[in-house]
Amino acid sequence: PVEVNPAVEKWVQYFTGSGRRYYAKWLGRSTRFRPMMYRELEKAGLPKDLVYLSMIESGYNAHAYSHAAAAGLWQFIPSTARLYKMRVDWWIDDRRDPETSLHAAMNFLGELHTMFGDWRLAWAAYNGGPGRVRRATRDAGSKDFWTLAAGSYLHSETDNYVPKIMAAAIIGKHPERYGFDSGIDFQEELAYDTSKVEGSVSLEVLAECAGTTVSEIKALNPALRRYATPPEGY
């Protein structure tokens, strides 16, 4: 659902005003990750507009890291990441892997939507936690997100989170209408082949074997936390 009301309009004005430079940067990165996201979301029967949740979470930065220790394109904290079968240890942080984290986010969002029956509440739960949203609907005697946001049932961050996603989607569907038709540094779509590496091998050796650079190997494998693959292979 995308609605237009004062809460959403406030964020449209921000992204086209003082926050324009941020939105322009996110838009530039979007072309790297969105094609893969669209394909997988469509395959799973989920709304393709969920890409805007990732935009608000991380600005499409696979290395984004928050003060709450959330990481990656979909900003998982370690405990939730492990719940969705993502590896987070000294060697690997799957939260930074675009494909692995996308599938975890799809599972999580799908469960939240099943739980609440409404995407607005599912997004609110993704941000503030399902327990808090359940209590909020009970205390307010309402399952309408805007009713919850008008009261003191949720954190202000969550009150703003849902309209922020809608504002990002409104601009993202027609960026040229909002002046984002020039000066955007669009990144190339993420494309790669996969190859199994046995044992712990330095990225320097892998780069040499693949005829590329260490920085390119790092960029294509953001989940690797060290300059080598883990002992059990990768």
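The legends below describe close-up views of a predicted model.

**View 1. Packing of helix 2 against helix 3**

Helix 2 (20-43) and helix 3 (51-58) pack at an angle of about 140 degrees, and their axes are 9 Å apart. The two helices are therefore oblique to each other, and the crossing of helix 2 with helix 3 is right-handed. From helix 2, the residues in contact are Tyr23, Trp26, Leu27, Arg29, Arg34, Met37, Tyr38 and Leu41. Their partners in helix 3 are Val51, Tyr52, Ser54, Met55, Ile56 and Ser58. Sorted by class, this contact of helix 2 with helix 3 comprises 10 nonpolar, two polar and two charged residues.

**View 2. Surroundings of serine 58 in helix 3**

Serine 58 belongs to helix 3 and has a relative accessible area of 10%, so this residue counts as buried. Apart from neighbours within four places in sequence, serine 58 is in contact with Arg29, Ala64, Gly72, Leu73 and Gln75. Among these, Arg29 is a residue of helix 2 that takes part in the contact with helix 3. Glycine 72 is 14 residues from serine 58 along the chain, and the C-alpha atoms of the two are separated by 6.9 Å.

**View 3. Two loop residues with positive phi, alanine 69 and lysine 85**

Most residues other than glycine have a negative phi. Alanine 69, in the loop between helix 3 and helix 4, has a positive phi, near 70 degrees. With a relative accessible area of 24%, alanine 69 is partly exposed. Lysine 85 is placed in the loop between helix 4 and helix 5, and its phi is also positive, near 65 degrees. The relative accessible area of lysine 85 is 73%, and the residue is therefore exposed.

**View 4. Helix 5 and the helices that cover its buried residues**

Helix 5 comprises the 19 residues 98-116. At 1.5 Å a residue, helix 5 should span 27 Å, and the 26 Å between its end C-alpha atoms agrees with this expectation. The buried residues of helix 5 are Pro98, Ser101, Leu102, Ala104, Ala105, Met106, Phe108, Leu109, Gly110, Leu112 and Phe116. An α-helix has 3.6 residues a turn, so residues three or four places apart point the same way. The cover over the buried residues of helix 5 includes helix 2, helix 3, helix 4 (78-83), helix 6 and helix 7 (130-140).

**View 5. Crossing of helix 6 and helix 9**

The axes of helix 6 (residues 119-128) and helix 9 (residues 156-173) come within 9 Å and cross at roughly 125 degrees. Helix 6 and helix 9 are therefore oblique to each other, and their crossing is right-handed. Helix 6 contributes Arg120, Trp123, Ala124, Tyr126, Asn127 and Gly128 to the contact. These residues meet Glu157, Thr158, Tyr161, Val162, Ile165 and Met166 of helix 9. By class, seven nonpolar, three polar and two charged residues make up the contact of helix 6 with helix 9.

**View 6. Helix 9 and its buried residue valine 162**

The 18 residues of helix 9 should span 26 Å at 1.5 Å a residue, and the end C-alpha atoms, 26 Å apart, agree with that value. Of these 18 residues, 13 are buried, so helix 9 is largely enclosed by the rest of the structure. Valine 162 lies in helix 9 and is buried, at a relative accessible area of 0%. Not counting residues up to four places away in sequence, valine 162 touches Arg120, Trp123, Ala124 and Phe145. Among these partners, Arg120, Trp123 and Ala124 are residues of helix 6. Aspartate 185 is 23 residues from valine 162 along the chain, and their C-alpha atoms are separated by 27 Å.

**View 7. Threonine 137 in helix 7 and glutamate 176 in a loop**

Threonine 137 is found in helix 7, where its relative accessibility of 13% means that it counts as buried. Leaving aside neighbours within four places in sequence, threonine 137 is in contact with Leu121, Ser142, Lys143 and Leu148. Glutamate 176 lies in the loop between helix 9 and helix 10 (203-210) and, at 43% relative accessibility, counts as partly exposed. Leucine 148 and glutamate 176 are 28 residues apart in sequence and 33 Å apart in space, C-alpha to C-alpha.

Terms used:
Residues numbered from 1 in each chain as written. Predicted model: local features only at pLDDT ≥ 70, side-chain atom pairs only at ≥ 80, totals over all residues. Heavy atoms only, no water. Axes fitted to C-alpha atoms, helices over the stretch in contact; angles between N-to-C directions. Helix = DSSP H or I, 4+ residues; strand = E, 2+ residues; numbered from the N terminus. Parallel < 35°, antiparallel > 145°, perpendicular 65-115°, else oblique. Left-handed = near helix turned anticlockwise from the far one by under 90°. Contact = heavy atoms within 4.5 Å. Nonpolar A, V, L, I, M, F, W, Y, C, P; charged D, E, K, R; others polar. Expected span 1.5 Å × (residues − 1). Buried < 20%, exposed > 50% of the residue type's maximum accessible area, 1.4 Å probe, protein only.
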